[in-house]
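Trainee: Could you walk me through one part of this protein up close? I'd like to look at a buried aromatic residue and what surrounds it.

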Amino acid sequence: MCGIIGYIGERAAAPIILEGLGALEYRGYDSAGIAVLDEVGMPQLYKSAGKLSKLRSKLRNGLPDGNIGIGHTRWATHGGPTDFNAHPHTDGTGDILVVHNGILENYLELKQELVAKGCEFISQTDAECIPHLIESYMREGCSFEDAVRAAASRMEGANAVVVLSRKEPDKIISFKIGNAGGIVIGYGEDEMLLASDISALLPHVRDVAYLAVGEIATVTRDVVKYTRIDGASVKKKKARVSYEAMTATKGEYSHFMLKEIHEQPDAVLDTLRGRVQFDPPGITLPELAFTDEEIQKFNRAVIIGMGTSMHAGMVGRMWIESLAGMACEVDNSSEFRYRDAYMDENTLVISISQSGETADTLGAMEEAKLRGARQVTLCNYEGTQSTRIADAVLPIRAGLEISVAGTKTFVCSLVTLYALAGHLGVKRGLISRKRLKTIVQELAHLPEMIGQLISDQAQYERLALNYARRANFLFLGRGKNYPLAMEGALKLKEISYIHAEGYPAGEMKHGPISLIDRKMPVVALVPKDDLYEKMLGNVNEVKARRGSVIAVATEGDEHIGDKANDVIWVPQASANITPILNAIPMQLLAYYIAVERGCDVDMPRNLAKSVTVE
């Protein structure tokens, strides 16, 4: 969740580090800091609680000089958001400077040991143990690199760390242990950069490499040496960053979230490219590294994810059951990893993590690996931790997403899951040529239908004026649209801070109906499908209790307009495609209500783009 940036090269480090911290703001944070080594290797350290603007105000009289430095944006885990607790942290001598993402699980044990050796701590953080530990090994005669290696071997938990030493001011050392957030190394011209997210490296680099668990990178301005923590050499392949990933600007849009909603038609096209053939009709997933025989043997699928990713998985479950003919369950990663779930070599585990670095999902994947299950992961970034655990990787191809609230990553995850279910169904002989043609034809129209939904946004501004001051919302759906009700509620509370709940509509009489009155808006997903009449019954029940109904309904529905207070129209589509389309009204309704309430849409309080610690 914390943001990390490091620079070494010929240019002034401070402006590049501050620029990188700005690019990482979307991850969320409560304090920030920067450290630069000057020409004689003396550290210049500045840090502040609050937003990056407060750190910049401390630097208003001039940026620190030097060609090597590190920066950090922090979410508090140990100790509150204060100047002292902000990173970078140093040892008692000021020789070692550290920025850290993760949770040092054995910090109390290490801190007691270090205090006994005479180390004095000035913060409440677990991270301060790291520079003290490194310095203690250097005091015993270890080189800088060996001291970092020794410290890394003592640390427990999921941690990503970047270290400077004023005794060796020509290098930066970074390491990763456990399923912490990633560290990306960027290769420039006579310079190198490190960051927790590729967005902080742009536009300075085109080639990158990702640190894997248990690896250390020793970075100079010309070269990077990769080793394991035990000292064994590691060969690392570089990846080329696409130009598409470099367009991290809002352009004409007020917020990144709105920009990313508008990017969804193109993002869906990218998701489908090379996977869906329109003439002759076909669905193929060349990235899916399973033989036809292996696919036939799968007798069960398990989908895991967190938050928005789990909601996508809930829809995917129903597609896999109906299209692929496989028993399927979906579970929250943080629950799945700690229960004694039955899995074997005939179980297909499908993980969804847009960042590829979600700690609980990585933990669940490791557990599945230990139990012999086969795995495919859906991810937006290649080379991340989830892609190294899984047997096969299905990139969702959403492109760079800056806003904390996932929009196009959700829709692209849905489309990828639908393609996966179709591919499995074809391989398992359950989808006829006629049905396959229908599926492919509708996928061909999907970007256009999404574009239609995005084009009419004035209705959402009107709805926001009417409903933005309500304190509670209820979202109802059935079948494949029940997960969309949950996603709609999540989006609203994420960015507008309104309490909202998503329920299966059949559950309404089992509790939620007692909350409905004239102050309670109910968003009802009422597509023209097999469950339409039952949803109409739920709408009638809400109206009978004087609740306000915002219906998300199929174009041409002649009945819903007489029952609902407001209607958002969605193009006619099959029951399989409708939940993808219904994602757009959920996003736009939440967005315009948040804007009307004056909320920080792209960086909602207490949230981060990628949750890389438990």
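Mentor: Let's start with Phe475 and work outwards from there.

Keep in mind that this is a predicted model. The mean pLDDT of the chain is 91, with 96% of its residues at 70 or more. By element, the lowest mean pLDDT belongs to strand β15 (residues 276–278), at 80, and the highest to helix α19 (residues 578–596), at 98. Where pLDDT is low, the predicted coordinates shouldn't be read in detail.

So, Phe475. You'll find Phe475 in strand β22, which runs over residues 472–477. Its relative accessible area is 2%, so Phe475 counts as buried. What is packed against it? Setting aside neighbours within four places in sequence, Phe475 is in contact with Ala485, Gly488, Ala489, Leu492, Ala500, Glu501, Gly502, Tyr503, Val523 and Met586. Take Ala489 from that list: Phe475 and Ala489 are 14 residues apart in sequence, and their C-alphas are 6.2 Å apart in space.

Phe475 also has aromatic company. Together with Tyr467 and Phe473, Phe475 forms one aromatic cluster. The chain has five aromatic pairs in total. One of them joins Tyr467 and Phe473: the ring centres are 6.3 Å apart and the planes sit at 65°, so this pair is edge-to-face. Both partners are tucked away: Tyr467 is buried at 4% relative accessibility, and Phe473 is buried at 2%. Another edge-to-face pair is Tyr591 with Tyr592, with 4.9 Å from centre to centre and 85° between the planes. Tyr591 and Tyr592 are both buried too.

If you like rings, there are also two lysines to look at. Lys238 lies over the face of Tyr187, 4.7 Å from the ring centre. Lys528 does likewise over the face of Tyr532, at 5.1 Å from the ring centre.

Now back to Phe473, since it leads into the core. The largest nonpolar core has 89 residues, and Phe473 is among the three that touch the most other members, alongside Ile350 and Leu446. Helix α19 gives the most to this core, with 12 residues. Ile350 shows what one of those well-connected members touches: leaving out residues up to four places away in sequence, the list is Ala301, Val302, Ile303, Ile304, Ile320, Val376, Leu378, Leu417 and Leu420. A second core is separate from this one and has 31 residues, including Leu18, Leu21, Tyr29 and Leu201.

Leu21 is a handy bridge to another spot, because it turns up in the contacts of Gly33, and Gly33 is buried with a relative accessible area of 0%. Gly33 lies in strand β2 (residues 31–37). Besides Leu21, Gly33 touches Tyr46, Lys47, Leu55, Ile70, Gly71, His72, His87 and Pro88, again not counting residues up to four places away in sequence. For a sense of distance across the chain, Gly33 and Leu484 are 451 residues apart in sequence and 39 Å apart in space, C-alpha to C-alpha.

While we're on buried things, have a look at helix α4 (residues 129–139). Of its 11 residues, 10 are buried, so the helix is largely enclosed by the rest of the structure. The buried ones are Cys129, Ile130, Pro131, His132, Leu133, Ile134, Glu135, Ser136, Tyr137 and Met138. Their cover includes β5 (89–90), β6 (96–102), α3 (107–116), α5 (144–154) and β7 (159–165). Just after α4, Gly141 takes a positive phi of about 110°.

Cys129 in α4 brings us to the cysteines. The model has zero disulfides. Cys119 is in none, and the nearest cysteine sulfur, that of Cys129, is 9.1 Å away. Cys119 counts as buried, at 9% relative accessibility. Cys379 is in a similar position: the closest cysteine sulfur is in Cys412, 13 Å away, which is too far for a bond. Cys379 is buried as well, with a relative accessible area of 1%.

To come back to where we started: Phe475 sits in β22, is buried, and belongs to one aromatic cluster with Tyr467 and Phe473.

Notes. Residues are numbered from 1 along each chain as its sequence is written. This is a predicted model: local features need pLDDT of at least 70, side-chain atom pairs count only at pLDDT 80 or more; totals for chains, interfaces and linings use all residues. Side-chain values use heavy atoms; hydrogens and water are left out. pLDDT is the predictor's confidence in each residue, from 0 to 100. Helices (H or I, at least four residues) and strands (E, at least two) are DSSP runs, numbered from the N terminus. A disulfide is a pair of cysteine sulfur atoms within 2.5 Å. Buried means under 20% relative accessible area, exposed over 50%, partly exposed in between (1.4 Å probe, protein chains only). Rings of Phe, Tyr and Trp (its six-membered ring) pair if their centres lie within 6.5 Å; planes under 30 degrees apart count as stacked, over 60 as edge-to-face and the rest as tilted. A charge sits over a ring if NZ of Lys or CZ of Arg is within 6 Å of the ring centre and within 35 degrees of the ring normal. A nonpolar core is a set of buried Ala, Val, Leu, Ile, Met, Phe, Trp, Tyr and Cys residues joined through side-chain atoms within 4.5 Å. Contact means heavy atoms within 4.5 Å.
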